[in-house]
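Biologist: Could you take a close look at the charged pairs in this one for me? Once you've done that, carry on into whatever else the side chains are doing.

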Amino acid sequence: MKNLLKDLGIKVVILSRSRYDHLKTIHLLPTYIPIVVPESEKDEYAKVCKNPIITTPDDVKGLGRLRNWCIDNFEERSIIMIDDDISRCYSLTSKQSRPVKDPEEILQILINACIMADDMGTNVFGFSQRDIR
């Protein structure tokens, strides 16, 4: 899957700041998905996650500035930016939702959504936080 992301020009990153002791999303995605954190917090994050760590300057504060930093600093055509506090993923492809626990399957859901958004000519896509269990 890692090579597929590269071939498709998609970068997937987990955005975090000051929550190294409350990370949830790292347990849902493959460990090769990088986490983006402030430079001064790199060591704390390295203690608790196996994911590659990409650092931003400490003065990049606020989600809007962080997203813009990602757009300006990653060369991929598409960037999927994920919050650090996602605890579960459900698929609703029939009348009954089902939990998705396999990290590669969750990543494939993200890739599919990204490709469909690009095919429709949209610049942004997202997922509902509504509990559909």
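Modeller: Let's start with Arg19, which is partly exposed because its relative accessible area is 34%, between the 20% that ends buried and the 50% that begins exposed. Keep in mind that this is a predicted model. Asp85 is partly exposed as well, at 37% relative accessibility. What do the side chains of Arg19 and Asp85 form? They meet in a salt bridge, with 3.8 Å from N to O. Arg19 sits in the loop between β1 and β2, while Asp85 is in the loop between β4 and β5 (90-91), so this pair ties together parts that lie 66 residues apart in sequence.

Now for the rest of the charged pairs. The count of salt bridges comes to six. One of them joins Glu44 and Lys47, whose closest N and O atoms are 3.4 Å apart. This one stays inside a single helix: Glu44 and Lys47 are three residues apart in α2 (residues 42-48), so about one helical turn separates them. The two ends fall in separate accessibility classes, since Glu44 is partly exposed at 29%, whereas Lys47 is exposed at 63%.

Another of the bridges links Arg98 to Glu105, and here the closest N and O atoms are 2.4 Å apart. Arg98 has a relative accessible area of 36%, so it counts as partly exposed, and so does Glu105 at 28%. Going back to where we began, Arg19 and Asp85 belong to one network with Asp84, joined by salt bridges that share partners.

A charge turns up next to a ring, too. Lys11 lies over the face of Phe74, 5.2 Å from the ring centre. That brings us to the aromatics: searching the whole structure gives three aromatic pairs. Phe74 is in one of them, with Trp69: the ring centres are 5.8 Å apart and the planes are at 85°, so the pair is edge-to-face. Trp69 is buried at 15% relative accessibility, and Phe74 is buried at 13%. Phe125 and Phe127 make an edge-to-face pair as well, at 6.0 Å centre to centre with 80° between the planes. Phe125, though, is partly exposed, with a relative accessible area of 30%.

What about the nonpolar side chains? In soluble globular proteins, these tend to be buried together. Here the largest nonpolar core has 22 residues, and the members that touch the most others are Leu5, Ile10, Val12, Leu29, Ile33, Ile35 and Ile80. At least two core residues come from each of β1 (10-15), β2 (35-38), β4 (78-83) and α4 (103-119). Which of the elements supplies the largest share of this core? That is α4, with five residues.

Last, the outside. Met1, Leu4, Leu8 and Ile115 make a nonpolar surface patch of about 270 Å². Leu4 belongs to helix α1 (residues 2-8). Its relative accessible area is 32%, so Leu4 counts as partly exposed. That figure is also over the 30% needed to join a patch, which is why Leu4 can be part of this one.

Key:
Residues numbered from 1 in each chain as written. Predicted model: local features only at pLDDT ≥ 70, side-chain atom pairs only at ≥ 80, totals over all residues. Heavy atoms only, no water. Patch = residues over 30% accessible without salt bridge, like charges linked within 9 Å, V, L, I, M, F, W, Y side chains within 5 Å. Areas by Shrake-Rupley, 256 points an atom, 1.4 Å probe, with all protein chains shown as cover. Salt bridge = Lys/Arg side-chain N within 4 Å of Asp/Glu carboxyl O. Helix = DSSP H or I, 4+ residues; strand = E, 2+ residues; numbered from the N terminus. Buried < 20%, exposed > 50% of the residue type's maximum accessible area, 1.4 Å probe, protein only. Phe/Tyr/Trp six-rings, centres within 6.5 Å; stacked < 30°, edge-to-face > 60°. Lys NZ or Arg CZ within 6 Å of the ring centre and 35° of its normal. Core = buried A, V, L, I, M, F, W, Y, C linked by side-chain atoms within 4.5 Å.
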